[in-house]
Amino acid sequence: MSWRRNLKGKIRLEEPLKKHTTFKIGGPARFFIEPGDIADLKLLLTSAKKYKIPILVIGSGSNILINDKGVKGMVLKLNSASFRRIFIKRNCLEAGSGATLRQLIQVAAERALSGAQFLAGIPGTVGGALAMNAGAWGKNIGELVQKATVMDYNGNIKVLNKKDIRFGYRKSSLRKFIILSACIKLAKKNKKEIKDNINKYLERRRNTQDASLPNAGCIFKNPPGKSAGRLIDLCGLKGKRIGGASVSVRHANFILNQGNAKAGDILKLMRLIKTEVKRKFNITLEPEIRIWQ
Ligand code: EPU
């Protein structure tokens, strides 16, 4: 396959994806690729199309459950320097999709730019956060986006303005593209206040969520007007264990990998939770995490 010869980025064969997910779960990727630049990415997309190779793009792997058989295709991680740049354009931060939210928040704070602090503690990349419209404390990243540069699966680049992008609760129309970068609108404020604000959000997160063992954040979306965590808690499921997977005793919408959980253990526990919440409250929970079966 000639595309492999022409690639500038890194390619690994049969790479265990458990090394690339916060759940620490996931079988091998046939090809695990970090494209070197946009030309590499285009080459990969067009080759995948030509040879009918499935593609999965991952960020920090913080909101995904990948099965133990792995991915018989290309897993792309936009982790090379050209996808991780962050720079200032007036009051906007132009952030590459491979940069982490942590880096984005840090750069913004250093430049006394306010507005992204609520993202503190969310363990994802800019691209992942935009694809799912990540949020916390009543705010979502979509509210900050002025523009996004994306590539479609044919390798064409498009610049989308705010009005061309739809963001909803944990979803966005950007998902059908590969996100390259976004312009995040922020406002000049006092640096110390911004840093204090970040610390406040981090502390709130420490007090309410569970970072004790590998997990993927909230597993289910909140049903309208309700908290999935509270509903699961009221079903008495905190601490419930199936194989290596258990419901967190701190926050019931978190499932923890106790050490060697299989993807199947997580799925079984999710099914049990769904059944119990449906039985007790007649509410159907929907997964928040992406599931690659
Ligand atoms: N609660 C319980 N028991 C639990 C968990 C929560 O009774 O086990 C109660 C809390 O006491 C509180 C209410 O449920 O009264 C809501 O809980 P919390 O403030 O923890 O927020 P959440 O609705 O569970 C949402 C987002 C989080 C985000 C937080 C903070 C979803 C699915 N979850 O959680 O996002 O960090 O608000 O804004 O939208 C994520 O996306 O992965 C995530 C964790």
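Helices are taken here as DSSP runs of H or I with at least four residues, numbered from the N terminus. In this predicted model, one such element is helix α7, which spans residues 263-281 and contains R271. With a relative accessibility of 52%, R271 counts as exposed, because the threshold for that class is over 50%. The C-alpha atom of R271 lies 9.8 Å from that of L285, a residue 14 positions away in sequence.

A contrasting case is offered by G61, which sits in the loop joining β3 (55-58) to β4 (64-66). Here the relative accessible area is 4%, so G61 is classed as buried, the limit being under 20%. Along the chain, G61 and F23 are 38 residues apart, yet 8.0 Å separates their C-alpha atoms.

We can now turn to the ligand. Its surroundings are made up of 19 residues, of which W137, Y169, C218, N222 and E288 are the closest. By character, this shell comprises 6 nonpolar, 7 polar and 6 charged residues. Two domains, domain 2 (84-207) and domain 3 (228-292), each contribute at least three residues to the shell. Among the secondary-structure elements, helix α6 (residues 228-234) is the main contributor, providing 3 residues.

Several polar atoms of the protein are found beside the ligand. In the case of C218, a backbone N or O atom is 2.8 Å from a ligand oxygen. The side chain of N222 places an N or O atom 2.7 Å from an oxygen atom of the ligand. A nitrogen atom of the ligand, in turn, has a polar side-chain atom of D233 at 2.8 Å. Taken on its own, the ligand has 820 Å² of accessible area, and the protein covers 74% of this.

Away from the ligand, the packing of the protein itself deserves a look. In soluble globular proteins, nonpolar side chains tend to be buried together. The largest nonpolar core of this model has 37 residues, and the members that touch the most others are L104, L119, L130, L174, I184 and L186. At least two residues of this core come from each of β7 (92-96), α3 (101-110), α4 (126-131), β11 (145-151), β15 (178-185) and α5 (191-208). Of these, α3 supplies the largest share, with 5 residues.

How values were computed: Residues numbered from 1 in each chain as written. Predicted model: local features only at pLDDT ≥ 70, side-chain atom pairs only at ≥ 80, totals over all residues. Heavy atoms only, no water. Near = heavy atom within 4 Å. Polar contact = N/O pair within 3.5 Å; in protein donor to acceptor, adjacent residues only side chain to side chain. Areas by Shrake-Rupley, 256 points an atom, 1.4 Å probe, with all protein chains shown as cover. Nonpolar A, V, L, I, M, F, W, Y, C, P; charged D, E, K, R; others polar. Domains from an automatic or database assignment. Core = buried A, V, L, I, M, F, W, Y, C linked by side-chain atoms within 4.5 Å. Buried < 20%, exposed > 50% of the residue type's maximum accessible area, 1.4 Å probe, protein only.
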